[in-house]
Amino acid sequence: MDIRTTPNPVIRWAERVLHRLNARHPWDHNAHFHRWVLRSLPPGAARVLDVGCGRGDLVRALAGRVAQVDGIDPDPRMALVAAERCRDLDGVTIRRRALVAHAETLRAEGAGGHYDALTMIASLHHMELEPALAQARDLLRPGGRLLVVTLTVPRTRLGLLWDIGDALSNPLIGLVKHPRPVRDPVPGPSIPVRDPAWSHGELRERAREILPGAVLHRREGFRSTLRWQKPI
């Protein structure tokens with residue numbers, strides 16, 4: 001059973017209650033993992049690619065740590081918003097471009113495999129899994145790191161229990177992060193959304209075929225993290 005889609009009336013009632021609590025104490029599930037990304041950068045990282053940069057939040061955070069940050073997003077509106085928000089930052093380039101097109105362009109320029117880190121926050125599930133991971137692998141220099149935060153769908157008993165835990169802890173995390181209730185939320189630019197197509201276990205199995213040694217963890221906020229370092 002998937003608590004996100006089941007028609008069970010008790011669960012749907014609980015969902016409405018939790019939704020009201022979450023709306024009063026909202027928190028940014030993606031920005032929550034920025035600290036994990038920054039902590040996980042390889043020592044001396046100088047150039048990072050953020051795939052699916054959205055509004056540019058992570059690009060701005062990375063710009064304070066590394067000399068060159070490239071942000072790409074295939075959505076024209078998101079790329080425009082990110083470029084506007086990052087125009088005051090040195091060493092930042094934002095392009096309206098999908099990962100595969102970016103990789104092909106760099107290969108044509110003879111510049112593949114030169115990123116010290118490649119980040120994806122809530123963007124991997126918008127792409128075909130194996131090709132995206134392979135492109136990311138090839139864009140990294142030896143010793144470079146792939147850092148992924150992604151959504152997954154529960155398909156096992158453990159996945160269901162973790163999903164329930166996320167649903168119950170979500171308003172508590174919001175209360176800690178945003179204790180003052182929101183009464184009149186100001187809407188920002190909407191980010192394209194898509195439901196994930198794989199479970200945490202499926203992601204682990206498929207990723208490790210392309211990225212041997214990849215480390216995956218279930219995390220809060222309905223997220224999973226993947227960390228992989230390219231062999232030297």
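A disulfide, as the word is used here, is a pair of cysteine sulfur atoms within 2.5 Å. By that rule the chain has zero disulfides. Cys53 is in none, and the nearest cysteine sulfur, that of Cys86, is 7.3 Å away. Seen from the other end, the Cys86 sulfur has its closest cysteine sulfur in Cys53, and at 7.3 Å that is too far for a bond. Both cysteines come up again below, once burial is defined.

Some housekeeping before going on. This is a predicted model, with residues numbered from 1 along each chain as its sequence is written. Local features need pLDDT of at least 70 and side-chain atom pairs count only at pLDDT 80 or more, while totals for chains, interfaces and linings use all residues, and side-chain values use heavy atoms, with hydrogens and water left out.

Now for the overall picture. The secondary structure comes to eight helices and seven strands; these are DSSP runs numbered from the N terminus, helices being H or I over at least four residues and strands E over at least two. Of the 232 residues, 44% count as buried. Buried means under 20% relative accessible area, exposed means over 50%, and partly exposed is what lies in between, with a 1.4 Å probe and protein chains only. The accessible surface is about 12300 Å², and 56% of it belongs to carbon and sulfur atoms; the areas come from the Shrake-Rupley method with a 1.4 Å probe, and for residues only the protein chains shown count as cover. Take contacts (heavy atoms within 4.5 Å) with a separation of 6 or more, and residues 24 or more positions apart account for 72% of them.

Back to the cysteines: Cys53 is buried at a relative accessible area of 6%, and Cys86 is buried too, at 4%.

Helix α8 is a good place to look at how burial is arranged. The helix covers residues 200-210, and His200, Leu203, Ala207 and Ile210 are buried in it. Looking down the axis of α8, these buried residues fall within an arc of 85°, so they line one face of the helix; the arc is taken from the directions from the helix axis to the C-beta atoms. Turn to the face pointing away from the buried side and you find the exposed residues Glu205 and Glu209. What covers the buried residues of α8? The cover includes α6 (129-139), β5 (140-151), β6 (215-219) and β7 (223-229).

Two threonines in those covering strands are worth a stop. Thr150 lies in strand β5 and is buried, with a relative accessible area of 1%. Leaving aside neighbours within four places in sequence, Thr150 is in contact with Leu124, His125, Trp198, Leu203, Phe222, Arg223 and Ser224. Leu203, you'll recall, is one of the buried residues of α8. Over in strand β7 sits Thr225, buried at 2% relative accessibility. Not counting residues up to four places away in sequence, Thr225 touches Phe33, Trp36, Val148, Val149, Val215, Leu216, His217 and Arg219.

Next, the charged pairs. There are 11 salt bridges, a salt bridge being a side-chain nitrogen of Lys or Arg within 4 Å of a carboxyl oxygen of Asp or Glu. One of them involves α8 again: Glu202 pairs with Arg155, with the closest N and O atoms 2.5 Å apart. This pair links distant parts of the chain, since Glu202 is in helix α8 and Arg155 is in the loop between β5 and α7, 47 residues apart. Glu202 is partly exposed, at 29% relative accessibility.

Glu220 forms a salt bridge with Arg219, the closest N and O atoms being 3.7 Å apart. Here Glu220 is partly exposed at 25%, whereas Arg219 counts as buried at 18%; Arg219 is also among the residues that Thr225 touches. Glu84 and Arg87 make another bridge, at 3.3 Å between the closest N and O atoms, with Glu84 partly exposed at 44% and Arg87 exposed at 66%. Asp28, Arg55, Asp57 and Arg85, meanwhile, are linked in a network of salt bridges.

Last comes a stretch of nonpolar surface. Leu161, Ile164 and Leu168 make a nonpolar patch of about 280 Å². Patches are built from residues with over 30% relative accessible area and no salt bridge, joining like charges within 9 Å and nonpolar side chains (Val, Leu, Ile, Met, Phe, Trp, Tyr) within 5 Å. Ile164 lies in helix α7, residues 157-177, and counts as partly exposed at 33% relative accessibility.
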